[in-house]
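Please open the structure in your viewer and keep the sequence beside it. We will go from the whole chain to a chosen part of it, one selection at a time.

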Amino acid sequence: MTRTVSDMPSVALAVTDGMLHYELSVALEVFGADLTHIVDPWYDFSVCGSGPVHVDRFRLEPDHGLDQLAHADTVIVPGWADTDREPPTDLVQALRAAHEAGARVASLCTGAFILGAAGLLDGRRATTHWAHTRELARRHPAATVDPDVLYVDNGDVLTSAGKAAAMDLCLHLVRLDHGAANANKIARRLVIPPHRDGGQAQFIATPLPEPGNHPLGELFPWALERLDQPLTVEDLARRARMSSRHLARHFKHLTGTTPLQWLHTQRIRHAQELLETTNATVDTIAAATGMGTATTLRRHFHRSVGVPPDTYRRTFRPQEPVQSAHHGS
């Protein structure tokens, strides 16, 4: 299914008794808050359920019935507390109908079990909280369950791992709908890391920990200010005053990836922001992000983001972009 960005994309939160309150509140905080001071229009958000819902010690009053899910652009399914219990039939049927109507359906944590019950995981990659991946795979053998990632995006069906990864997936959806620059603004408002790739391991700390709290506290900001330069692992190790082997070990622990892959990801994210916020040519952005040539940037950008830089810019370019693509050193 090809998604298009409407003036006000609609997001419906599907709720029922027995859902996890943390994942539910994450979706409310991202999609249900009034963030029109950052992105205007934001989302047309609603909570849909068959009646009043009890979530742990909280009681939630839905705005609409479950039939409203079929009218949403995106449907969010929070975590499901008791994975041994079958989800309500009316919720399963409503999710299936929403997907058939063209909705993008995303589950947070163990909400993947509800998507599985609706048949939405068959033939697709999926993930859930690491403690439940084996059971999800056993129960839905037609799905390919990946226990080692933060979230999986199949386009029309998305799943996330537990807790913090639920926020990662929500911000990923914002990034798809409103661009990387706006997603980063939302992340800063929430005081969380602006981006973690879905392919990162579940067992990782934040990719940009607070300076001074770890051996690479000063290295991350130093490297981010020099993305236009041809940095090597040796350059990073020298700056961190450690061997390349020790640097790789710290990077794996802190980011779940290698130094070079981390650098590559930061270059792509910086290119996204420059495409959204400047008039700079692709050649200029290639130089500013250390990609060298426009050809190299286009190849890596398309592979990482899924569309060419020019297409990305047309989708997310603001009304009055600034002129400079200079990156500090």
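What share of the contacts in the protein with a separation of 6 or more comes from residues 24 or more positions apart? In this predicted model, such residues account for 66% of those contacts.

Begin with the whole protein in a cartoon view, where the secondary structure comes to 13 helices and ten strands. If you then switch on the surface, you are looking at about 15,300 Å² of accessible area, of which 50% belongs to carbon and sulfur atoms. Of the 329 residues, 52% are buried.

Next, select C48, which counts as buried because its relative accessibility is 0%, under the 20% cut-off. Move on to C170, which also counts as buried, with a relative accessibility of 0%. A search of the whole structure for disulfides finds zero.

Now select residues 244-255, which form helix α9. Its twelve residues should span 16 Å at 1.5 Å a residue, and the end C-alpha atoms are indeed 16 Å apart, so the two values agree.

Within α9, colour L247, F251, L254 and T255, which are buried. Turn the view until you look down the axis of α9: the buried residues fall within an arc of 75°, and therefore line one face of the helix. An α-helix has 3.6 residues a turn, so residues three or four places apart point the same way.

Finally, show the face of α9 turned away from the buried side, where you will find the exposed residues R245, K252 and H253. On the buried side, add α7 (219-224), α8 (233-240) and α10 (259-277), against which the buried residues of α9 pack.

Terms used:
Residues are numbered from 1 along each chain as its sequence is written. This is a predicted model: local features need pLDDT of at least 70, side-chain atom pairs count only at pLDDT 80 or more; totals for chains, interfaces and linings use all residues. Side-chain values use heavy atoms; hydrogens and water are left out. Helices (H or I, at least four residues) and strands (E, at least two) are DSSP runs, numbered from the N terminus. Buried means under 20% relative accessible area, exposed over 50%, partly exposed in between (1.4 Å probe, protein chains only). Contact means heavy atoms within 4.5 Å. Accessible areas come from the Shrake-Rupley method with a 1.4 Å probe; for residues, only the protein chains shown count as cover. A disulfide is a pair of cysteine sulfur atoms within 2.5 Å. The expected span of a helix is 1.5 Å times one less than its number of residues. The arc is that of the directions from the helix axis to the C-beta atoms.
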